[in-house]
Amino acid sequence: MPKPRKRLAGAAGPTGPDNKGPAGKRTKTKNPVGTSATLGNSSPEKTSASKNCGKNLSSYWLMKSEPESRLEKGVDVKFSIEDLKAQPKQTACWDGVRNYQFTNGLCSGQCLHTSLGVLAKARNFLRAMQLGQEAFFYHSNCKEPGIAGLVKVDVQFVRMMKRYITLAELKTHYQAHKTTGGPLKNMALFTRQRLSIQPLTREEFDFILSLEEKEPS
């Protein structure tokens, strides 16, 4: 079980290179920054981003977290959807916007500028979140990255997906939709890959939910 943590003003799930597989048990995140996002009910509300964003955002989100154990400065950053489901009231504080996530894979000359810019975007999205908004819980940095379930944003478990929707499947639709103008044509998962919290349009959210009822393409 995770240690009790102070509720923070700022929350984002860990992210990283999408290359390992789902699993899950314990909550531990670190180096919190920004402002907290908390959800209490299930009906979506329209939201405006902070003045740093300067425009209206969707009421739907995708939040990345790592389902496999990995130590960062002695702290296990693992937190799967199964871990969330096991929490008291199936709710946990999302407190992991971390600098190291955004510098991974960048050369030293561009690290600082790029990481600060991406971190600022993630924090702005956190500030834009409103009560009742829904998000996909995305397993990243694992063997088979993908969407594992639905949550409400201080993050509360809603349900597991009827089937695991993999990154590979989403990418197939994204590539097709870029040509056809389909719902995922501008999906941030592919256009803003480094963000641990990403906005979704209603069209994107509904399309991904519809995939639950279909066999993987």
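A salt bridge is taken here as a side-chain nitrogen of Lys or Arg within 4 Å of a carboxyl oxygen of Asp or Glu. In this predicted model, Arg70 and Glu66 satisfy that criterion, with a distance of 2.6 Å from N to O. The structure holds 7 salt bridges.

Arg70 also pairs with a second acidic residue, Glu72. Here the closest N and O atoms are 2.7 Å apart. Both acidic partners of Arg70 are withdrawn from the surface. Glu66 has a relative accessible area of 1% and is buried. Glu72 has a value of 18%, and is therefore also classed as buried, the limit being under 20%.

A further salt bridge joins Arg159 to Glu212. The closest N and O atoms of this pair are 2.6 Å apart. The two residues come from distant parts of the chain, 53 residues apart. Arg159 belongs to strand E8, whereas Glu212 sits in the segment after H6. Their accessibilities fall into separate classes. Arg159 is partly exposed, at 28% relative accessibility. Glu212 is buried, at 8%. As for the bridges around Arg70, shared partners join Glu66, Arg70 and Glu72 into one network.

Arg70 takes part in a backbone contact as well. Its backbone nitrogen lies 3.1 Å from a polar atom of the Asp76 side chain. The side chain of Asp76 also has a polar atom 3.1 Å from the backbone nitrogen of Lys78. Asp76 itself is found in strand E5, residues 75–76. With 10% relative accessibility, Asp76 counts as buried.

The overall architecture comprises 6 helices and 9 strands. The protein has 217 residues, of which 51% are buried. About 10200 Å² is exposed. Carbon and sulfur atoms supply 52% of that area.

Helix H6 spans residues 202–210. Its buried residues are Glu204, Phe205, Phe207 and Ile208. They lie on the same side of H6, because they cover an arc of only 165° around the axis. Several elements contribute to the cover over these buried residues. Among the strands are E3 (60–65), E6, E7, E8 (156–166) and E9 (197–200). Helix H4 (167–180) contributes too. Strand E8, part of this cover, is also the strand that carries Arg159.

Backbone geometry was examined next. Most residues other than glycine have a negative phi. Lys89 has a positive value instead, near 60°. Asn141 likewise has a positive phi, of about 55°, although it is not a glycine. Both residues lie in loops, but in separate settings. Lys89 is found between helix H1 (81–86) and helix H2 (99–103). Asn141 lies between strand E6 (134–139) and strand E7 (146–152). These two strands are also among the elements that cover the buried residues of H6.

The two loop residues contrast in solvent accessibility. Lys89 is exposed, because its relative accessibility of 76% is over the 50% limit. Asn141 is buried, because its 7% is under the 20% limit. A positive phi thus accompanies an exposed side in one loop residue, Lys89, and a buried one in the other, Asn141.

Methods. Residues numbered from 1 in each chain as written. Predicted model: local features only at pLDDT ≥ 70, side-chain atom pairs only at ≥ 80, totals over all residues. Heavy atoms only, no water. Helix = DSSP H or I, 4+ residues; strand = E, 2+ residues; numbered from the N terminus. Buried < 20%, exposed > 50% of the residue type's maximum accessible area, 1.4 Å probe, protein only. Arc of directions from axis to C-beta. Contact = heavy atoms within 4.5 Å. Areas by Shrake-Rupley, 256 points an atom, 1.4 Å probe, with all protein chains shown as cover. Polar contact = N/O pair within 3.5 Å; in protein donor to acceptor, adjacent residues only side chain to side chain.
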